[in-house]
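Please keep the sequence and the structure side by side while reading this note. Each numbered point takes up one topic and can be checked by finding the named residues on the display.

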Amino acid sequence: MTRILLVEDEPDVASFIRQGLDEEGYAVTWVSAGREALEHLREEAADLVLLDVQLPDMTGLEVCRRLRILRPTLPVMMLTALDAVEDKVRGLRAGADDYLPKPFAFVELLARTEALLRRARNTPYEGLFRDGALTLDPVAHTCRCGALSLSLTPREFDLLAFFLGRRNEALSREVIHREVWGHDFDRGTNLIDVYVNYLRHKLAEAGCAARIETVRGVGYRYVPAGEAADA
Ligand code: CA
């Protein structure tokens with residue numbers, strides 16, 4: 001049986017989708033928050049995720065980025081009321097496979113779900129964890145720059161994976177702390193700066209052209225290898 005994880009905080013929308021998919025013979029698990037979704041995926045298998053963008057605890061984009069570390073090949077369709085091109089691009093960059101603006105007709109959801117299940121099986125998630133010669137393998141938890149292997153601690157790995165998913169964005173220490181460390185930021189700590197410096201050092205040592213820039217008054221920005229080389 002095909003297992004679908006539905007992440008949606010609006011009960012009416014969730015029950016509409018769930019009921020329709022049940023009738024089509026899918027096994028649907030419904031959760032209403034991002035953390036619940038990630039916890040579910042740590043424990044249970046799923047064949048596809050339907051992911052609302054606006055969730056109470058974290059955005060669907062963040063759920064998608066984190067989920068990609070756990071399950072690089074799992075098909076993800078984002079559901080959202082936001083129909084702006086920018087949001088669509090961000091969703092796809094965060095590792096979503098498809099994007100369905102609300103409101104939608106159930107038949108469209110079903111058709112796209114079926115198409116995703118057909119085409120996305122066993123497709124490795126290359127683009128998300130690659131930047132020029134730099135590649136992260138979230139399954140093996142290894143990192144390479146060309147022929148050189150970078151020895152990263154689990155936290156450094158998560159931090160670099162996070163930066164790769166948010167290329168060219170100015171990211172505050174608060175956001176980095178919440179998304180990578182998973183708890184609230186303590187202003188008294190320079191933990192992030194220490195880790196960013198470790199990463200910078202390791203990237204430079206491996207000859208990687210990507211840069212982690214300091215954004216004054218904000219935090220950090222990851223500049224991809226191609227653009228860093230052009231600069
Ligand atoms: Ca919502």
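1. A pair of cysteines makes a good starting place: the sulfur of Cys145 has its closest cysteine sulfur in Cys208, 4.2 Å away, and that distance is too far for a bond. Please bear in mind throughout that this is a predicted model.

2. The distance matters for the following reason. A disulfide is a covalent bond between the sulfur atoms of two cysteines. Here a pair is counted as a disulfide when the two sulfur atoms lie within 2.5 Å, and seen from the other partner, the sulfur of Cys208 is again 4.2 Å from that of Cys145, so the pair is too far apart for a bond. A search of the whole structure accordingly reports zero disulfides.

3. Are these two cysteines buried or exposed? Cys145 has a relative accessibility of 8% and therefore counts as buried, and Cys208, with a value of 9%, counts as buried as well.

4. The next topic is the metal site, where a calcium ion is coordinated by Asp9 and Asp52 through OD atoms and by Gln54 through its O atom, at distances of 2.1 to 2.3 Å. Written as a sequence pattern, the spacing of these donor residues is D-x42-D-x1-Q. Asp9 belongs to the loop between β1 (3-7) and α1 (11-23), while Gln54 belongs to the loop between β3 (48-52) and α3, so this pair ties together parts of the chain that are 45 residues apart in sequence.

5. How accessible are Asp9 and Gln54? Asp9 counts as partly exposed because its relative accessibility is 28%, and Gln54, at 45%, also counts as partly exposed.

6. Turning to open spaces, the largest pocket holds about 380 Å³ of space, and its lining is made up of 18 residues, with Leu38, Arg42, Arg66, Ile69 and Glu179 lying nearest its centre. The elements that each give two or more residues to this lining are α2 (34-43), α3 (60-70), α6 (154-165) and α7 (173-181), and α3 gives the most, with five residues.

7. The character of that pocket lining is mixed, since by class it has nine nonpolar, one polar and eight charged residues. Domain 1 (3-122) and domain 2 (129-230) each supply at least three residues to the lining of the largest pocket.

8. A closed space is present too, for a search of the whole structure finds one cavity of 30 Å³ or more, and the largest cavity contains about 30 Å³ of space. The residues that line this cavity are Arg65, Arg90, Arg93, Ala94, Gly165, Arg166 and Glu169, which by class are one nonpolar, one polar and five charged.

9. Where does the largest cavity lie with respect to the two domains? Domain 1 (3-122) and domain 2 (129-230) both give residues to the lining, and therefore the cavity lies between them.

10. A last residue to find on the display is Val107, which is part of helix α5 (residues 106-120). Val107 counts as exposed because its relative accessible area is 63%, where over 50% is the cut-off for that term. The C-alpha atoms of Val107 and Gly20 are separated by 9.1 Å, although these two residues are 87 residues apart along the chain.

How values were computed:
Residues numbered from 1 in each chain as written. Predicted model: local features only at pLDDT ≥ 70, side-chain atom pairs only at ≥ 80, totals over all residues. Heavy atoms only, no water. 1 Å grid on protein atoms, 1.4 Å probe; cavity = no way out; pocket = protein on both sides within 12 Å on 5 of 7 lines; lining within 4 Å. Points joined across faces, edges and corners; volume = space filled by probe spheres on them. Nonpolar A, V, L, I, M, F, W, Y, C, P; charged D, E, K, R; others polar. Domains from an automatic or database assignment. Helix = DSSP H or I, 4+ residues; strand = E, 2+ residues; numbered from the N terminus. Donors = N, O, S within 2.8 Å, 3.2 Å for Na, K, Ca; no water. Buried < 20%, exposed > 50% of the residue type's maximum accessible area, 1.4 Å probe, protein only.
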